[in-house]
Amino acid sequence: MKLRNILCAITALLLSAPLTTSAQKLKGKDQLVTISTPQGDMKLILFDDTPKHKENFLKLTKDGFFDGTTFHRVIDGFMIQGGDPNSKDDNPNNDGSGSPGYTIPAEILPKYKHVRGAVAAARMGDQVNPMKESSGSQFYIVENHDGTPMLDEAYTVFGQVVDGLDVIDKIAEQPANPRNRPLTDIKMKVTVESVKKKKIAKKYNYNYNTNSVGK
């Protein structure tokens, strides 16, 4: 009887042990990015093993490059796309063709899938871009709740939304024209703050080992 009680107690301890913080042995800080829109805020983490994309996104954010740009392409059940400097001007017809004047070498890692909330880099098609280099600024966020696996290993996934998944849905649901451009501009402001990894993991149930939310 005593042995049974001990085993039950051990099982209870295992089940109640926090996995998102102590098991990850987290040290130091990370950059928590916030994308603010009329539909609400999204918070995201950028992956360390896609360093070129992470460094570029953070630089553009700190420079204020994204502020005033819009989510110029939204497809309900698929994704939302933004980050084009052309979306700041008065010509809606050039949205989607702008850039900061450079591309980023692909950092496509098979372990990163197009799950809901995945942040990935837009790019030109394979015929003119066989190396799959990414746009210097345009990015998209997966809205489909089941993910978009048809895009896996074709585009660089370099981040994950850890809070505000419902905001992605709200943006994707906005009325749009036949070119999938929202009828009303969805402007963004992007900011970044340095936060302890332990705090991020605990607050957003984010697992740094798997780069996933809620697992």
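What follows is a walk through the fold, the nonpolar cores, two helices, the empty spaces and a pair of unusual backbone angles in this protein.

The model is a predicted one, so local features are described only at pLDDT of at least 70 and side-chain atom pairs count only at pLDDT 80 or more, while totals for chains, interfaces and linings take in all residues. Residues are numbered from 1 along each chain as its sequence is written, and side-chain values rest on heavy atoms, with hydrogens and water left out.

Starting with the overall picture, the protein comes to four helices and twelve strands; these are DSSP runs, numbered from the N terminus, with helices being H or I over at least four residues and strands E over at least two. Of its 215 residues, 45% count as buried, where buried means under 20% relative accessible area, exposed means over 50% and partly exposed is in between, using a 1.4 Å probe and protein chains only. Contacts (heavy atoms within 4.5 Å) reach a long way along the chain: among those between residues at least 6 apart in sequence, 73% join residues at least 24 apart.

On to the cores. A nonpolar core here is a set of buried Ala, Val, Leu, Ile, Met, Phe, Trp, Tyr and Cys residues joined through side-chain atoms within 4.5 Å. The largest one has 26 residues, and Ile35, Met42, Phe71, Phe139 and Ile141 are the ones with the most contacts inside it. Two or more residues each come from β1 (29–37), β2 (40–46), α2 (51–62), β3 (71–75), β6 (118–121), β8 (139–142), β9 (157–163) and α3 (165–172). Of these, α3 supplies the largest share, four residues. There is also a second, separate core of 20 residues, which includes Ala120, Ala201, Tyr204 and Tyr206. As a general point, nonpolar side chains in soluble globular proteins tend to be buried together.

Phe71 shows who meets whom in this part of the protein. Leaving aside neighbours within four places in sequence, Phe71 is in contact with Ile35, Thr37, Met42, Ile80, Gln81, Gly82, Phe139, Ile141, Ile171, Pro182, Ile186 and Met188.

One of those partners, Ile171, sits in helix α3. Ile171 counts as buried because its relative accessibility is 0%. Not counting residues up to four places away, Ile171 touches Thr37, Gln39, Met42, Phe71, Val74, Ile80 and Ile186. Ile80 is 91 residues from Ile171 in sequence, yet their C-alpha atoms are 7.3 Å apart in space. Across α3, Val167, Ile168, Asp169, Ile171 and Ala172 are buried, and the buried residues of this helix pack against β1, β2, β3, β4, β8 and β9.

Helix α2 is the other one to look at. The expected span of a helix is 1.5 Å times one less than its number of residues; for the twelve residues of α2 that gives 16 Å, and the end C-alpha atoms are 16 Å apart, which agrees. His53, Lys54, Asn56, Phe57, Leu58, Leu60 and Thr61 are the buried residues of α2. After the helix comes Gly64, with a positive phi near 75°.

Now for the empty spaces. On a 1 Å grid over the protein atoms alone, a cavity is a set of points where a 1.4 Å probe fits but cannot get out, a pocket is an open set with protein on both sides within 12 Å along at least five of seven lines, and lining residues have an atom within 4 Å of a point. Grid points are joined across faces, edges and corners, and a volume is the space filled by probe spheres set on the points. One cavity of 30 Å³ or more turns up, and the largest cavity holds about 70 Å³. Its lining has 13 residues, with Asn56, Ile104, Ser135, Gly136 and Phe158 nearest the centre, and α2 gives the most to it, with four residues.

The largest pocket has a volume of about 460 Å³. It is lined by 23 residues, of which Gln81, Ala122, Arg123, Met124 and Gln138 are closest to its centre.

Lastly, the backbone. Asn180, in the loop between α3 and β10 (189–196), has a positive phi near 70° although it is not a glycine. Asn180 counts as partly exposed because its relative accessibility is 25%. Asn211, in the loop between β11 (206–207) and β12 (212–213), also has a positive phi, near 50°. Asn211, at 16% relative accessibility, therefore counts as buried.
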